[in-house]
Amino acid sequence: MVHWSAEEKQLIASVWGKVNVEECGAEALARLLIVYPWTQRFFSNFGNLSSPTAIIGNPKVRAHGKKVLTSFGEAVKNLDNIKGTYSKLSELHCEKLHVDPENFRLLGDILIIVLASHFGRDFTPACQFAWQKLVGVVAHALAHKYH
Amino acid sequence: MVLSPNDKSNVKAVFGKIGGQAEAYGAETLERMFATYPQTKTYFPHFDLGKGSAQVKGHGKKVAAALVEAANHVDDIAGALSKLSDLHAQKLRVDPVNFKLLGQCFLVVVASHNPSLLTPEVHASLDKFLCAVGTVLTAKYR
């Protein structure tokens, strides 16, 4: 079980409270597909991903980004049992989706940059620490059931 | 991984915009790296890593200067950073994984100070550039 200090919990909750899940989720997924184009391999049925403009405007990307970040919210609500929270999702990503867990780390790093761009100076080094820890724990939990 | 003409011009534009702030960005990058990835502190046992440390500021200035140099010679990063590459291989021997961590923190600094500058396309180019710098600095490791 991961240990979270009171400060880390507070930093995570306070940032999450101000996040527009739909916007940030869409932006994070779009940036993942743009910055690391090989990640598009999982989304061949998403239609037009031929350019950054196409990706950003793609409604399937937006919808899926929102879905992914909404799910992230479950981790924020269950910091003391992230592994349990993502057990079924982990199995899904392994058995059905066949996603290399490295992609969870890539998305986590992208999310941090999106948060930094939205929160500016409020995204302090302490905030970044707590959130990098969180995205790392989420990535680990999503990989946990892989076999 | 190759930097396209677009990537190169995006990188030059970013550093052009950052201008004189580069030194401060370098210092903040290190501050964030030490805070976010404590294992990176192991390379600086001889430094005061407390808040506002003059040593961190000074070192951040050096790191920024190297990135600026690489951006100014983006057609030949290996040439521009050759001496630094030797230094990292022979003396500093920073594990290659850490260059990614520094890169991530630099992107966070740019994003937090200049969100409108870091469009997804520019983000992609800058990420590639930082990877290329890391690759050059570790190229002579073995």
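User: How do you know that the span of helix H1 of chain A agrees with its 13 residues?

Analyst: The expected span is 1.5 Å times one less than the number of residues. For H1(A), residues 6-18, that gives 18 Å, and the end C-alpha atoms lie 19 Å apart, so the two agree. Helices here are DSSP runs (H or I, at least four residues), numbered from the N terminus. This is a predicted model: local features need pLDDT of at least 70, side-chain atom pairs count only at pLDDT 80 or more, and totals for chains, interfaces and linings use all residues. Residues are numbered from 1 along each chain as its sequence is written, and side-chain values use heavy atoms, without hydrogens and water.

User: Which residues of H1(A) are called buried, and why are they said to line one face?

Analyst: Buried means under 20% relative accessible area, exposed over 50%, partly exposed in between (1.4 Å probe, protein chains only). Glu8(A), Leu11(A), Ile12(A), Val15(A) and Trp16(A) are buried. Seen down the axis of H1(A), they fall within an arc of 120°, so they line one face. The arc uses the directions from the helix axis to the C-beta atoms. Ala6(A), Gly17(A) and Lys18(A) are exposed, on the face turned away from the buried side.

User: What do the buried residues of H1(A) pack against?

Analyst: They pack against H2 (21-35), H4 (59-77), H7 (102-119) and H8 (125-143) of chain A.

User: What makes a set of residues a nonpolar core?

Analyst: Its members are buried Ala, Val, Leu, Ile, Met, Phe, Trp, Tyr and Cys, joined through side-chain atoms within 4.5 Å. The largest has 83 residues; Trp131(A) and Ile77(B) are among those with the most contacts inside it. A second, separate core has eleven residues, including Phe34(B).

Key:
Chains are lettered from A and ligands numbered from 1 in the order in which they are written. Helices (H or I, at least four residues) and strands (E, at least two) are DSSP runs, numbered from the N terminus. Contact means heavy atoms within 4.5 Å.
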